[in-house]
Structures are given as structure tokens and as C-alpha cells.
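Notebook open. I'm going through this one from the atoms up and jotting down what I looked up.

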Amino acid sequence: MSKSHNHSPHRYEKKNIWEVSKKEEIINIFLESDKYKIFLDAVRTEREGVIWVQNHVESKGFVNLETVTSVKPGDKVYYQFENKNITLAIIGQDSIKNGVNIIGAHLDAPRLDLKVRPLIEESGVAMLKTHYYGGIKKYQWLNIPLAIHGVVIKQDGTKVTINIGDKEEDPVFVISDLLPHLSRKIQGEKKLLDGIEGENLNIFVGTIPIENKDYKDRVKAFVLEYLFNTYGIIEEDFISAELEVVPALKTKDVGFDRSMIGGYAHDDRVCSYSALSALTQMESTPKKTAIVFLTDKEEIGSKGITGSDSQALPNIIAELLYREDNQYHDIELRRLLNKSCCLSADVGAALNPLFPSVHDKHNASFMGSGVIIKKYTGAGGKGGASDASAELVAKIRRIFNENDVVWQASSMGKVDEGGGGTIAMFVAQYGIPVMDCGIGVVGMHAPYEIISKADLYHLIKGYKAFFINA
Ligand code: MN
Ligand code: MN
């Protein structure tokens with residue numbers, strides 16, 4: 001008798017999407033990822049994300065909720081809040097009072113914000129000082145082309161939009177690292193993560209002194225002159241500005257086989273985009289009202305009025321509830337939140353084969369093995385985790401299995417290796433059952449992150465299946 005190499009039929013085994021997909025589906029995987037790449041290049045900040053999403057859904061027939069007094073099944077609405085948070089909804093066949101299905105993702109991403117008094121001159125170089133936003137490895141931001149995106153609000157309320165570094169003809173900005181010839185002591189004896197201090201993340205912006213020799217700091221004066229002539233802003237205007245320094249790197253296919261996508265801010269724009277795509281691709285009115293909640297501030301703890309640790313989500317659900325029959329009772333809102341269901345749509349850490357030791361390979365997620373179901377996140381003893389109920393995990397697992405969504409279950413890394421959180425715990429505060437669900441990213445929070453095109457495709461498919469069946 002020959003020895004069998006088959007596994008038990010009761011065994012759980014992750015799949016490889018490339019191996020299990022039919023040819024037509026693989027074509028669709030590539031087509032879908034080309035659309036996503038356009039989105040990722042167009043959106044560099046949460047504000048740009050909100051504008052892009054609003055324009056996109058308006059073209060798909062969504063109307064501003066503030067312009068309608070009532071809603072009925074099949075209606076498509078959006079609500080934009082403070083330019084940094086946007087919620088989309090398709091009103092379901094069931095009453096909103098019976099609960100809604102929500103996918104919540106975040107549009108903000110790690111970056112370098114300009115300080116409130118950023119412009120300095122040192123040794124003949126004008127620089128803008130930054131304050132990093134979110135969890136970055138500072139050394140990764142050195143010696144790469146950077147762009148500046150954001151707004152300056154002048155004291156009369158005029159908004160000046162700045163967007164420089166991404167167009168072919170634009171200049172870029174750089175934070176320069178030390179040459180290897182001279183870094184033996186100052187960096188060589190330090191830990192890798194201490195290679196540069198946060199206080200030194202200054203971007204080079206000019207070296208030409210202004211002609212007028214009466215000025216002090218003539219290079220800085222030149223930059224101020226340029227800013228005034230180009231944008232009509234003065235130095236004090238930086239104080240009421242939100243200017244973000246982001247990688248000036250184009251989204252590209254990665255690999256000979258083009259199976260991966262390299263780009264800035266897959267975390268969490270890939271889930272934001274996939275939720276949006278799932279909602280706008282639905283062919284018929286879902287049973288339950290489907291909501292996409294695109295939030296801000298996740299990378300710095302979700303506080304603030306546009307973050308998920310605010311009333312933004314229950315407020316918008318209350319607005320929808322009120323418009324159903326132009327009546328509002330607080331108890332109805334509280335009850336419907338309990339009857340609702342939410343996917344906290346955020347990325348996970350896919351196993352990086354260069355650093356396998358931080359992962360538990362038996363519980364890790366892998367590129368190309370599909371959507372990640374995360375029962376819990378957190379650090380150490382599940383600290384900060386929302387920890388979805390087994391009942392909810394079973395329901396989502398069933399929906400994915402019944403709709404041919406390739407998925408994998410994972411936790412972030414080895415138990416005591418580190419960890420992270422998502423918006424799940426804030427959604428849970430309102431009594432909304434919630435589970436984390438996204439795809440894996442390799443090199444998360446780096447200026448150039450990697451995802452699998454196959455995972456992206458199944459993420460959109462999975463979110464759609466959730467809206468239709470949850
Ligand atoms: Mn995230
Ligand atoms: Mn993140």
C-alpha cells in the first residue's frame with residue numbers, strides 16, 4: 001500500500017487565490033486593481049479622499065443627505081462632515097429600525113505634518129519642520145521624494161489649496177540622511193529606529209538667498225516671497241494650515257508577474273476603496289440599509305470630531321432614522337444599534353518572508369490567501385481589543401463561504417511581539433456588534449506598502465457579500 005499524502009477532510013487549510021481562480025476571474029482581478037491604482041494616486045490625504053469619494057458617488061446618483069427631508073428604500077445618500085469624514089448609505093428594504101449593516105474604514109494615513117511654525121533657515125538651507133502623524137519608522141522617510149498636500153486657511157477664511165510634488169513637472173522635497181562616510185559613530189552606534197530623531201525630520205525647500213541684502217535669513221526670505229507670490233500666504237498663515245508631507249511615489253505593479261501593488265497608504269485606503277466599490281457595485285436594493293463610514297484620525301487614536309471615537313457614526317444613523325418617518329425617539333436609535341452589524345475594515349500585517357520570526361506562522365495571514373477575518377486585535381493580553389463574539393465570526397465566515405470569498409483567519413503577530421488597534425473598539429461603544437476584516441499589507445506604515453491584487457479583489461467581493469447577506 002502506498003503512503004497517502006492527503007490531509008484529513010476535517011482540516012482547515014488556507015487557499016491561494018491564484019491557484020483556485022478560473023482564468024476569467026484572474027482577468028477581473030487585474031482589471032479591478034487598475035481602478036484602485038487610479039484612486040490611490042489621486043488621493044494623498046484624508047481631505048482629498050473625502051472630495052474624491054464625494055465626486056465619485058455623486059456620479060453614481062448619490063445625493064447629499066442635507067438636501068433631502070425623507071428617505072425610502074433604494075435611496076442613495078451621502079453626508080460629508082468637516083471635509084475629513086464621509087458616510088455613504090443605500091437605504092434598504094427593511095426599516096432602519098431593524099438595524100443597519102456598516103463597513104467602517106479610515107482615510108487618514110501615517111505622514112509628516114508641517115509644524116505650526118515650520119519655516120527655518122540653517123546653514124544656508126531653508127527647511128520646513130515637521131511633526132510625524134501616526135506610527136512611522138522615521139528612517140524610512142529619508143532620501144525619498146516627498147510632496148506637500150493640504151490647505152491653508154487665511155484669517156479671513158479664504159482656503160488656499162496646496163498640492164505640489166506629484167505632477168511630472170513639479171519639484172519634490174527631501175529629508176536628507178547622513179552619508180555613510182561620516183555616519184559611523186553618530187548612527188552606527190545607535191539602534192536602527194534611532195537613526196534620526198523626530199525633531200530632525202526637516203524637508204529641504206530652498207537655497208537661493210533673496211536679493212535684498214538688508215534681510216536676515218535671506219534664504220528663508222526668498223521662500224516667503226515665493227509663497228506670497230504663488231499662494232498669497234504669509235508666514236503667520238502656517239498656523240492655521242493643514243499641510244501634509246507625503247511620499248511623491250507613484251502607485252506601481254510589483255513583481256514580474258504584476259501580482260502585487262506598491263503604493264503609499266494602502267492602510268487604509270484599500271479598505272476604504274473596497275467598501276466604496278462594494279456599495280456602488282450592488283445591483284439591487286439590499287435588505288438592510290448599507291452604510292460605508294469613512295473616518296479620520298485612526299492613526300492617532302481616533303479622537304477628534306471626525307474620528308470614530310466621536311458621535312459621528314451614531315449621529316449619521318440618527319439622521320437616517322429621523323428621515324424614515326420624520327420622527328425620532330432615542331430608544332429606537334439605541335435598539336437599532338444593537339441590531340446592527342459592522343465590519344471594522346482595516347488592513348492586517350501579512351507575513352513578510354524577510355522577517356518570519358515576528359509572526360506565528362500557524363496564525364499569520366499571507367498575501368494572496370484572501371480577506372483576513374480578525375476576531376481580535378490588541379497587544380499583549382489582547383489589550384485594547386474589541387474581540388468579536390464567536391457568533392459574529394461564525395456569521396461572517398458563513399457569508400464568505402456561501403459566496404466564494406477566499407478568506408483566512410489571522411492574528412497580527414506573535415503573542416508578545418507587539419500589536420495594534422483599529423476602530424472596532426469605538427464602534428463597539430455604541431453597542432454595535434463589530435468584527436475586524438480587511439486584507440494583509442506587507443511593510444505597513446512604510447512610505448511604500450505592498451498588497452496582493454488577488455486579496456483586493458476578494459475584499460470587494462467579501463464586502464459586497466456582507467452588505468447583501470448580513
Ligand atoms: Mn489602518
Ligand atoms: Mn495604520
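**Ground rules.** Before any pair goes in, my salt-bridge rule: a side-chain nitrogen of Lys or Arg within 4 Å of a carboxyl oxygen of Asp or Glu. This is a predicted model, so I keep its filters in view: local features need pLDDT of at least 70, side-chain atom pairs count only at pLDDT 80 or more, and totals for chains, interfaces and linings use all residues. Residues are numbered from 1 along each chain as its sequence is written, chains are lettered from A and ligands numbered from 1 in the order in which they are written, and side-chain values use heavy atoms, with hydrogens and water left out.

**Domains.** I looked up the split, which comes from an automatic or database domain assignment. Domain 1 takes 17-109 + 264-469, and domain 2 takes 112-247. I get 33 Å between their C-alpha centres.

**Interface.** Counting contacts (heavy atoms within 4.5 Å), I find 18 residues of domain 1 against 15 of domain 2. The two domains bury about 1300 Å² between them, 51% of it on carbon and sulfur atoms. That area is what is accessible to a 1.4 Å probe and lost when the two parts are put together, summed over both. On the domain 1 side, R44, R47 and P447 supply 38% of the area buried against domain 2, more than any other three residues.

**Polar side of it.** I see two salt bridges across this interface. I also checked R47 with E242: their side chains form a salt bridge, 2.8 Å from N to O. Six residue pairs, both at pLDDT 80 or more, are in polar contact between the domains. For that I used N or O atoms within 3.5 Å, where within protein one must be able to donate a hydrogen and the other to accept it, and residues adjacent in sequence count only if both atoms are side-chain atoms. The domain 1 face that touches domain 2 has 10 charged, five nonpolar and three polar residues. My classes: Ala, Val, Leu, Ile, Met, Phe, Trp, Tyr, Cys and Pro are nonpolar, Asp, Glu, Lys and Arg charged, and the others, Gly among them, polar.

**Salt bridges elsewhere.** The rule gives 31 salt bridges. I opened K35 and E32, with closest N and O atoms 3.5 Å apart. They sit about one helical turn from each other because they are three residues apart in helix α2 (residues 23-42). Helices (H or I, at least four residues) and strands (E, at least two) are DSSP runs, numbered from the N terminus.

**Metals.** Which residues hold the manganese ion (ligand 1)? I find H106 (NE2), D267 (OD) and D346 (OD, twice), at 2.1 to 2.5 Å. Donors are N, O and S atoms within 2.8 Å of the metal (3.2 Å for Na, K and Ca), and with water not among the atoms, sites may look incomplete. H106 is in strand β4 (residues 100-106) and D346 in the loop between β14 (341-344) and β15 (348-349), 240 residues apart.

For the manganese ion (ligand 2), the protein donors are D267 (OD), E299 (OE, twice) and H445 (NE2), 2.1 to 2.6 Å away. The sequence spacing of these donors reads D-x31-E-x145-H. The two manganese ions are 3.3 Å apart, and D267 coordinates both.

**Backbone oddities.** Most residues other than glycine have a negative phi, and most peptide bonds are trans. Here D267 and D268 are joined by a cis peptide bond, omega about 5°, and D268 lies in helix α5. S302, not a glycine, has a positive phi of about 70°; its place is the loop between β13 and α6.
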